Amino acid sequence: MVDASSSAHGDLILKNLTKTFGEFVAVDDLDLVIPEGSFFALLGPSGCGKTTTLRMVAGLEEPTSGTIFIGKSEITYEKPYKRPVNTVFQNYALFPHLSIYENIAFGLRRRGVKDVDDQVQKALDLVELTHLASRKPNQLSGGQQQRIALARAIVNRPALLLLDEPLGALDLKLRRAMQIELKWIQTEVGITFVHVTHDQEEAMTMADTIAVMNEGKIEQMGSPADLYDNPQTSFVANFLGQSNLIKGSIVDSSGESAVVDVFGTKIGLPVLRNHAHDSSVLVGIRPEKIRIAPAGTQMNGNILEGGVISDASYIGVSTQYQVEMPWGQELMVFEQNDDGTPPLSKGDSVVLSWSPIFTFGLAGDQDVNAGSEAHPESE
Amino acid sequence: MSTALLHTGTHENQTSLAKKKLLPYWLLAPGIIWLTIFFLVPIYQLISTSTQTQGYGIGTYVQTYRFANFMDAITSSKAQLFRSFEYAFLATCFALIISYPLAYAVAFKSGRWKNTLLVLIVAPFFCSFLLRTVAWEQILGEQGFVIKTLRFLHIMGAQGHLTATPFAVVAGLTYNFLPFMTLPLYASLERIDIRMMEASGDLYANALTTFRRVTVPLSMPGVVAGTLLTFIPAAGDYINAELLGNPGTKMIGNVIEARYLAIVDYPGAAALSLILMVTILILVMAYVKRAGTDELV
Ligand SMILES: Nc1ncnc2c1ncn2[C@@H]1O[C@H](COP(=O)(O)OP(=O)(O)OP(=O)(O)O)[C@@H](O)[C@H]1O
Ligand SMILES: [Mg+2]
């Protein structure tokens with residue numbers, strides 16, 4: 001029998017991991033290191049290969065090539081029941097013929113653990129469902145089933161817990177509550193969590209580290225703040241929140257701040273935040289970082305003139321503007337309603353400005369809209 | 001429908017409401033009529049016949065409420081009654097042993113051959129039950145290749161034979177009712193979510209444990225349905241014992257048939273039929289209760 005608690009520990013390391021189904025490449029040469037004890041989120045649009053990656057780590061799918069390590073021990077071709085890995089399945093997959101108690105005890109019994117009763121009780125306490133121990137899974141609500149699925153996996157103290165969109169079936173309110181609870185449980189038990197989701201907000205609130213995945217590849221990996229403030233591809237810029245991306249060309253990159261020519265206007269871009277390979281660049285700025293004022297107002301920082309408001313929607317805490325620029329592009333601006341000035345209205349001529357430190361630069365050869373179609377909010 | 005509406009309703013929509021209430025009964029009517037003509041009336045006839053006694057002339061009986069008919073029937077056919085259940089039980093066991101791997105393979109391992117295999121499983125139904133049993137008589141008979149092979153290999157002596165043995169009867173029963181076992185088993189195995197097995201593997205169960213702890217329990221509805229569908233008709237069958245057996249392998253069905261058609265002892269036959277029905281009913285109820293209805297997920 002396997003003793004999950006004493007076998008492999010350490011970081012999860014994926015090297016050149018590839019999975020093809022016939023001609024189709026579902027996971028493409030993935031390299032990933034997930035530090036032990038972290039809450040890691042794998043974020044990406046539907047069909048990008050998240051589940052396939054998890055299934056390879058769990059041993060439910062055999063990689064076409066590449067290796068999987070936990071710490072120093074290789075598990076690439078290990079049978080699923082020999083891996084110190086447990087999964088919370090997308091649809092929970094609780095055993096309908098067993099009581100909640102026996103569902104949770106399943107893994108413990110297979111491993112021949114001595115104090116099954118004690119451990120099951122602790123797991124039930126952790127998810128606060130002790131009173132449901134004798135029920136069958138079909139007598140539980142979705143949220144309760146979700147927590148039992150979590151308890152059933154966690155009770156084994158695996159080196160690694162894989163969660164495949166565990167909150168996908170819950171309504172928004174319950175989802176938010178469960179996010180907080182999951183995060184708390186992870187801190188409590190200290191197990192490495194790999195959490196798959198296509199909800200960027202979920203990933204941002206829960207994870208220490210996020211890897212954004214697209215078409216079988218990792219686009220970018222980092223802390224939520226890092227990914228949001230300093231995206232490196234247009235896909236990440238659009239998939240994680242919203243971005244204004246404006247075509248430009250770098251005319252001077254000798255100083256700490258490069259100078260970019262954007263349709264005739266000079267703009268500052270910190271060199272450290274510039275990810276373009278050559279002079280062709282997409283200048284990026286988040287909508288809430290932009291200040292908006294009637295044309296002619298004195299502004300400083302990066303300034304873009306000649307905009308006309310084409311749409312304004314007042315949504316209480318802020319007002320969202322669509323501003324049409326002289327070169328035909330619509331820019332998005334979110335303005336906090338906190339300075340007592342009346343909101344501007346459609347048709348007004350405006351000037352936009354923002355502090356250069358918020359600017360980021362992306363390689364100019366990318367699709368400006370990459371990732372925005374896959375955006376959960378626009379689904 | 002609120003009560004207020006019922007009270008204030010005009011006469012007109014009250015009648016239409018009444019019509020609506022009657023609708024289910026009208027829909028049930030064909031079924032009820034069918035059941036009455038083809039089930040209740042015959043059952044009544046059977047019960048009534050079972051307590052009659054011989055009147056004047058062969059085949060005429062009068063109602064005398066002679067309940068001793070039942071005791072007589074049991075004492076005279078005890079052996080055949082027990083044999084029926086014994087053979088039916090054996091046939092059910094063999095059918096289960098053969099069907100489970102078969103159904104499992106079709107449900108999980110057959111890939112694109114699934115439909116072809118299912119057709120093959122029901123293929124025997126395209127040929128009459130009687131003909132197939134006669135065919136078995138030929139296959140197991142003196143001129144059949146089975147006997148010849150066994151003799152050639154010296155597994156069986158020149159005197160040995162296969163037909164007219166209990167073996168042949170049980171084999172015939174097993175063969176004839178096999179699809180009734182395989183199909184419900186297949187249906188319940190097919191319904192099992194593959195992710196249950198994946199979850200089991202993920203929770204440290206190897207293939208064998210997964211089979212024992214997850215697959216088998218989840219296929220129990222199929223096992224219960226299959227064993228019932230095999231056992232019940234097998235217990236009442238007389239064709240297999242008639243064609244493949246000998247006088248020592250007679251089952252209760254043969255006795256009933258003989259009493260109706262050869263001896264023309266209607267009350268005796270009716271009493272035995274009722275005894276068979278009630279016994280099966282009791283066995284089935286005990287079995288279903290033990291199998292646990294709530295296990296039938
Ligand atoms: N068994 C399979 N055979 C063929 N193609 C498959 C198979 N499993 C997955 N795929 C394909 O691989 C791609 C990645 O699938 P995967 O399930 O990993 O997506 P995902 O990122 O989990 O998406 P979602 O968010 O919708 O769950 C998809 O395009 C899918 O169609
Ligand atoms: Mg998925």
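In this predicted model, the domain assignment of chain B gives two parts, domain 1 covering residues 2-50 and domain 2 covering residues 78-296. Between the C-alpha centres of domain 1 of chain B and domain 2 of chain B there is a separation of 39 Å, and the contact that joins them takes 5 residues from domain 1 of chain B and 8 residues from domain 2 of chain B.

About 490 Å² is buried between domain 1 of chain B and domain 2 of chain B, with 85% of that area on carbon and sulfur atoms. On the side of domain 1 of chain B, the residues B:Leu46, B:Thr49 and B:Ser50 supply 80% of the area that this domain buries against domain 2 of chain B, more than any other three residues. The count of salt bridges between these two domains is 0, and the count of residue pairs in polar contact, with both residues at pLDDT 80 or more, is likewise 0. Sorted by class, the side of domain 1 of chain B that touches domain 2 of chain B has 3 nonpolar residues, 2 polar residues and no charged residues.

As to the chain as a whole, chain B has 13 helices and 2 strands. Chain B is more spread out than a compact globule, because its radius of gyration is 26 Å, well over the 19 Å that the globule rule gives for 297 residues. Taken along the principal axes, the C-alpha atoms of chain B fill a box of roughly 90 × 75 × 35 Å.

Chain A is also divided, with domain 1 spanning residues 4-226 and domain 2 spanning residues 230-378. The C-alpha centres of domain 1 of chain A and domain 2 of chain A lie 38 Å apart, and 13 residues of domain 1 of chain A are in contact with 13 residues of domain 2 of chain A. Of the area buried there, A:Gln200, A:Glu219 and A:Gln220 supply 47% of what domain 1 of chain A buries against domain 2 of chain A, more than any other three residues. Between these domains of chain A the count of salt bridges is 0, while 5 residue pairs are in polar contact, both residues being at pLDDT 80 or more. Strand E9 of chain A gives the most to the side of domain 1 of chain A that touches domain 2 of chain A, with 3 residues, and by class that side has 6 nonpolar, 5 polar and 2 charged residues.

The buried areas of the three contacts are set out below.

| Contact | Buried area | Share on carbon and sulfur atoms |
|---|---|---|
| Domain 1 of chain B and domain 2 of chain B | about 490 Å² | 85% |
| Domain 1 of chain A and domain 2 of chain A | about 1100 Å² | 63% |
| Chain B and chain A | about 2000 Å² | 64% |

Where the two chains meet, 20 residues of chain B are in contact with 27 residues of chain A. In chain B, the residues B:Asp202, B:Leu203 and B:Tyr204 lose the most area to chain A, together 41% of what that side buries. The count between the chains is 1 salt bridge, in which A:Arg55 pairs with B:Glu198, their closest N and O atoms being 2.9 Å apart. There are also 6 residue pairs in polar contact between chain B and chain A, with both residues at pLDDT 80 or more. Helix H8 (194-202) and helix H9 (207-218) of chain B are the elements that give two or more residues to the side touching chain A, and H8(B) gives the most, with 7 residues. The residues of this side of chain B divide into 10 nonpolar, 4 polar and 6 charged.

Conventions
Residues numbered from 1 in each chain as written. Chains lettered and ligands numbered in written order. Predicted model: local features only at pLDDT ≥ 70, side-chain atom pairs only at ≥ 80, totals over all residues. Heavy atoms only, no water. Domains from an automatic or database assignment. Contact = heavy atoms within 4.5 Å. Buried area = accessible area lost by both parts, 1.4 Å probe. Salt bridge = Lys/Arg side-chain N within 4 Å of Asp/Glu carboxyl O. Polar contact = N/O pair within 3.5 Å; in protein donor to acceptor, adjacent residues only side chain to side chain. Nonpolar A, V, L, I, M, F, W, Y, C, P; charged D, E, K, R; others polar. Helix = DSSP H or I, 4+ residues; strand = E, 2+ residues; numbered from the N terminus. Rg over C-alpha atoms; globule rule 2.2 N^0.38 Å.
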